[in-house]
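Here's a quick briefing to read alongside the coordinates. Have the viewer open and follow along topic by topic.

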Amino acid sequence: MVRNSGLHALFAPKPQRTTKSKLAMSLARAINSSDQFESSSLSSLLTEPLSTTTILQTLRLITHPPNALCFFDYLSTVNFPHSPPHTFFLMLHLLSRSHNLNTARNFLSSIEKRSNGSVNLHPRFFNTLITSYVDAGLLRESLNLFHTMKKMSVSPSLITFNTLLSILLKRGKPGLALDLFCGMKLTYSVILDSYTFNILINGFCKNSMVSEAFRVFKYMECVPDLVTYNTIIGGLCRAGKVKTEHNVLNGMVEIDVVSYTTVVRGYCTKQEVDKALDVFNELVVTRGMKPNVVTFNTLIKGLSEAQRFDEIKQVLKLGDDIVFVPDACTFNVLIKAHCDGEDVDAAVEVFREMPRPDSASYSVLIRAMCLRREFERAERLFEELFEKEVLLLERDGSKPLAAAYNPMFEYLCANGKTRRAERVFRQLMKIGEHDPPSYRTLITGHCREGRFKGGYKLLFFFYCNPNLFTLSRIIHLFLGSSTFHGRLLHGHHRQMEDSRRRQLDILH
């Protein structure tokens, strides 16, 4: 049975827009109907004083921020004061967000004058413009605005400092970030939180200043959170300081799978697989936590590189409550490890167990077979790659590399099979993957087999693609390897230039 409240909600009339919202829409519609602001179109609508809510709604509905500023200024000429600070803040935010940064800077400087001193500049006014400068990559302007705050006796907030610290560290200026951090504590007495320390620790780690990051971590003025611990553990892992990393892990109260996975990766990178297994077992047995796919793949990669394949089976059989389904990354790690160990047959067995091999699976195997000069075997796999259109069906955003198939291209083109090589190469071209050495190999192959037209077509495409090297570069490559083909291509250069100009004229 349906409740009365449900029926009421179903059949009740929809709430009508208020008069204020209707007026805001009418004002915004009149302003948006013209490229330039025309105050005459508003006179018939402004028959009574506007409320702050209506002004805010109108400003948000105006599509062109400079016109919103004109409307904002127009209101002051017809005795509609902007007394609430949030009207000024919204106007500044709209200009900043739309990247009208010079206009926003001028507006910020004029707020006190425009409001007749009724609106005091608050750090959030500066923060919104500093953030926009940062988003636009204008580091110097954001720092200049920060210094302007000090000159205007506006104390920066924690948000101000966090924004500047983040951009300084991302732009590779850890020294300036450290000076700013010291100023926060000494000059402004800002109370720091874990978010600020996380920015510093992460930034120092990414700038290869792990010792400085660890120093900040040790002297934190607040309780580190899980993000802090995982950040410093990751930095220590990249720096190869696995023992210190493990000590940090042992001192953690709150802990997760990411923490353990990072330490496992650290030991595997240092080829200390036994210690990696100890950490993995601590995660599963002592902590009773379930490893995720990244944990498994990290450990499997370490064991594979150490050629300890039998232990991988033990890792995968942890119990009924922990079920790990290998993904493409797992299979590819095993395939590569077997290939690196020169056991291509074992790699093929793993490959055939994959539900859906991807381009990485094929490229690693094909390359390994070519290195062992098992070209016929590699050619069969190459043909399978083409027929199944694996390159065109690539998933998870991964992009195949044309260079990975160069050994196969070189073999086919040297043995009168350039057309077979080109079929796969054109699939790579369709997904936007271009490789100058591969072009050279295929064009040379066509010329060697007497199909100059096929080589010419490839060269023409190479020349017309603006994202590739210039034609002079590839001619230089040809001259270095084959004087005859270099002359041939050089002879076509002027003809191709004319054709390219005609194509561009058609496009434009």
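A residue counts as buried when its relative accessible area is under 20%, as exposed when that area is over 50%, and as partly exposed in between. By that yardstick Glu 379 is buried, because its relative accessible area is just 8%. Keep in mind that this is a predicted model, so the cut-offs are applied to predicted coordinates.

**The big picture**

- The protein chain is built with 28 helices and 0 strands.
- It runs to 508 residues, and 46% of them count as buried.
- Take the contacts between residues at least 6 apart in sequence: 62% of these join residues at least 24 apart.
- The chain exposes about 27800 Å², with carbon and sulfur atoms supplying 52% of that area.

**Salt bridges: the Glu 379 pair**

- A search of the whole structure turns up 17 salt bridges, and one of them pairs Glu 379 with Lys 417, with the closest N and O atoms 3.0 Å apart.
- This pair links distant parts of the chain, since the two residues are 38 apart: Glu 379 sits in helix α22 (residues 375-387), while Lys 417 is in the loop between α23 (406-414) and α24 (418-430).
- How accessible is Lys 417? Its relative accessibility is 27%, which falls between the two cut-offs, so Lys 417 counts as partly exposed.
- So the bridge joins a buried Glu 379 to a partly exposed Lys 417.

**Salt bridges: pairs within one helix**

- Lys 336 and Asp 340 meet through their side chains in a salt bridge, at 2.9 Å from N to O.
- Both of these residues belong to helix α19 (residues 328-340), and they are 4 residues apart, about one turn of the helix.
- Asp 340 comes out as exposed because its 54% relative accessibility is over the 50% cut-off, whereas Lys 336 is partly exposed at 43%.
- Over in helix α24, Arg 426 and Glu 422 form a salt bridge of 2.7 Å, again N to O.
- Why are Arg 426 and Glu 422 separated by about one helical turn? Because they are 4 residues apart in helix α24.
- Arg 426 is partly exposed, with a relative accessible area of 36%, but Glu 422 counts as buried, because its 11% is under the 20% cut-off.
- There's also a network: Asp 345, Arg 372, Glu 374 and Arg 377 are joined into one by salt bridges that share partners.

**Backbone oddities: positive phi**

- Most residues other than glycine have a negative phi.
- Gln 271 goes the other way, with a positive phi of about 60 degrees although it is not a glycine.
- You'll find Gln 271 in the loop between α15 (257-269) and α16 (273-286).
- Is Gln 271 buried or exposed? Exposed, because its relative accessible area of 69% is over 50%.
- Gln 307 also has a positive phi, near 60 degrees, and is likewise a residue other than glycine.
- Gln 307 is placed in the loop between α17 (293-305) and α18 (309-316).
- With 41% relative accessibility, Gln 307 lands between the cut-offs and so counts as partly exposed.

Terms used: Residues are numbered from 1 along each chain as its sequence is written. This is a predicted model: local features need pLDDT of at least 70, side-chain atom pairs count only at pLDDT 80 or more; totals for chains, interfaces and linings use all residues. Side-chain values use heavy atoms; hydrogens and water are left out. A salt bridge is a side-chain nitrogen of Lys or Arg within 4 Å of a carboxyl oxygen of Asp or Glu. Buried means under 20% relative accessible area, exposed over 50%, partly exposed in between (1.4 Å probe, protein chains only). Contact means heavy atoms within 4.5 Å. Accessible areas come from the Shrake-Rupley method with a 1.4 Å probe; for residues, only the protein chains shown count as cover.
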